[in-house]
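Here are my notes on the model, written as numbered points so you can follow along with the structure open. Take them one at a time and find each residue as you go.

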Amino acid sequence: MKVVLFCGGYGMRMRNGTSDDVPKPMAMVGPRPLIWHVMRYYAHFGHREFILCLGYGAHHIKDYFLHYEETTSNDFVLRGGRTELLSTDIADWTITFAQTGIESPIGERLRRVRHHLDGDEMFLANYADVLSDAPLPEMVDQFARRDAGASMMVVPPQSSFHCVDLGEDGLVGGITAVSDMPLWENGGYFVLRQEVFDHIPEGGDLVADGCAQLAKRGRLSAYQHRGFWKPTDTVKERAALDTAYARGERPWAVWERDAAGVGA
């Protein structure tokens with residue numbers, strides 16, 4: 001299936017300064033940017049046709065792939081001054097670079113690349129800045145069996161805060177960690193059918209408009225994932241992933257795990 005990646009937002013919480021125009025998906029985790037890790041995840045499961053919804057800082061993403069260095073993450077032999085790759089990352093990828101506007105909401109970005117989907121009944125979508133070890137084939141199979149127009153992966157709340165049960169007398173009746181509450185968050189991994197376009201107006205949002213309308217009609221499915229899932233909304237979160245990568249702790253790199261024969 002084709003994979004639509006939303007990578008055109010400002011990512012203000014990741015800004016290092018007013019002159020920094022690098023989009024959030026290009027923030028580095030190890031030797032590669034976030035968007036590469038997300039794409040490598042999908043490619044591992046056989047989904048190698050990507051549609052990049054570009055906007056802010058689009059030239060950074062274009063330049064990265066136009067001048068991609070395979071030797072950064074692959075073994076090679078240098079023979080007679082020529083490089084012989086022993087493996088490749090993106091040789092079998094097809095990447096469509098589509099400018100979808102600087103200010104466009106995610107739903108509008110999706111609308112603007114609809115013609116690149118070739119009318120495919122089902123396709124995948126992702127925010128391009130969230131890493132996970134979710135079992136994608138299981139997620140897709142579950143959705144394919146259900147009569148729904150869209151599916152979103154949901155995860156337990158990630159907040160470290162606590163909720164307070166406050167009585168009218170001002171006394172606290174109980175304290176509960178947000179992560180222990182029976183709540184689920186949007187995890188940013190979507191499996192969609194063409195039906196979703198019927199519910200996204202011009203300038204609309206994928207979740208607030210498309211998914212919300214499908215939910216009202218009983219047409220929205222959810223895949224519950226309790227495994228590894230990490231967003232990169234802030235510099236601190238990105239730095240934590242980078243540190244984990246350096247320590248060899250990268251559960252989102254399912255391609256490495258499966259290549260080593262480690263259990264699923």
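1. Let's start with D118, and keep in mind that this is a predicted model. D118 is exposed, with a relative accessible area of 58%. To be called exposed, a residue has to be over 50%, so D118 gets that label at its 58%. You'll find D118 in the loop between α3 and β8.

2. Now look at the backbone of D118. Its phi is positive, about 55°, even though D118 is not a glycine. Why point that out? Most residues other than glycine have a negative phi. 

3. D118 also has a charged partner. K2 and D118 form a salt bridge, and their closest N and O atoms are 3.4 Å apart. The two come from distant parts of the chain: K2 sits in strand β1 (residues 2–7), D118 in the loop between α3 (106–112) and β8 (122–126), and their positions lie 116 residues apart in the numbering. Is K2 buried or exposed? K2 is buried, at a relative accessible area of 9%, whereas D118 is exposed.

4. That pair belongs to something wider. K2, E49, D118 and D120 are linked in a network of salt bridges. Over the model, the salt bridge count comes to 17, so there are others for you to look up.

5. One of the others joins D89 and R32, with the closest N and O atoms 3.5 Å apart. D89 lies in the loop between β6 (82–85) and β7 (94–99), and R32 lies in strand β3 (residues 32–33), so this salt bridge ties together parts that are 57 residues apart in sequence. Here both partners are on the inside of the cut-off: D89 is buried at 7% relative accessible area, and R32 is buried at 2%.

6. Next, try E121 and R193. Their side chains meet in a salt bridge at 3.3 Å, N to O. E121 is in the loop between α3 and β8 and R193 is in strand β13 (residues 185–193), so parts 72 residues apart in sequence are tied together. E121 is exposed, with a relative accessible area of 53%. R193, on the other hand, counts as buried at 13%.

7. Which residues does H37 touch, leaving out those up to four places away in sequence? They are V29, R32, L131, Y245, W252 and W255. So R32, the salt-bridge partner of D89, turns up again here as a contact of H37. H37 itself is in helix α1 (residues 34–44) and counts as buried, with 2% relative accessibility. With W252 there is also a polar contact, side chain to side chain, at 3.1 Å.

8. Helix α2 (residues 58–66) is a nice one to rotate on screen. Its buried residues are A58, I61, Y64 and F65. They cover an arc of only 135° around the axis, which puts them on the same side of α2. Why can residues that are spread along a helix line up like that? An α-helix has 3.6 residues a turn, so residues three or four places apart point the same way. As for what they meet, the buried residues of α2 pack against β1, β3, α1, β4 (49–54) and β7.

9. For contrast, have a look at the surface. V164, L166, V172 and I175 form a nonpolar patch there, and together they have about 400 Å² of accessible area. The elements that give two or more residues to this patch are β11 (162–166) and β12 (172–177). V164, for instance, lies in strand β11.

10. A128 is another residue with an unexpected backbone angle. It has a positive phi of about 70° although it is not a glycine. A128 is in the loop between β8 and β9 (130–132). Is A128 buried or exposed? A128 counts as buried, at 0% relative accessibility, while D118, which also has a positive phi, counts as exposed.

11. Finally, a quick distance to try yourself. G46 and T232 are 186 residues apart along the chain, and their C-alpha atoms are separated by 25 Å. G46 is in the loop between α1 and β4, where it counts as partly exposed at 40% relative accessibility.

Methods: Residues numbered from 1 in each chain as written. Predicted model: local features only at pLDDT ≥ 70, side-chain atom pairs only at ≥ 80, totals over all residues. Heavy atoms only, no water. Patch = residues over 30% accessible without salt bridge, like charges linked within 9 Å, V, L, I, M, F, W, Y side chains within 5 Å. Areas by Shrake-Rupley, 256 points an atom, 1.4 Å probe, with all protein chains shown as cover. Salt bridge = Lys/Arg side-chain N within 4 Å of Asp/Glu carboxyl O. Helix = DSSP H or I, 4+ residues; strand = E, 2+ residues; numbered from the N terminus. Buried < 20%, exposed > 50% of the residue type's maximum accessible area, 1.4 Å probe, protein only. Polar contact = N/O pair within 3.5 Å; in protein donor to acceptor, adjacent residues only side chain to side chain. Contact = heavy atoms within 4.5 Å. Arc of directions from axis to C-beta.
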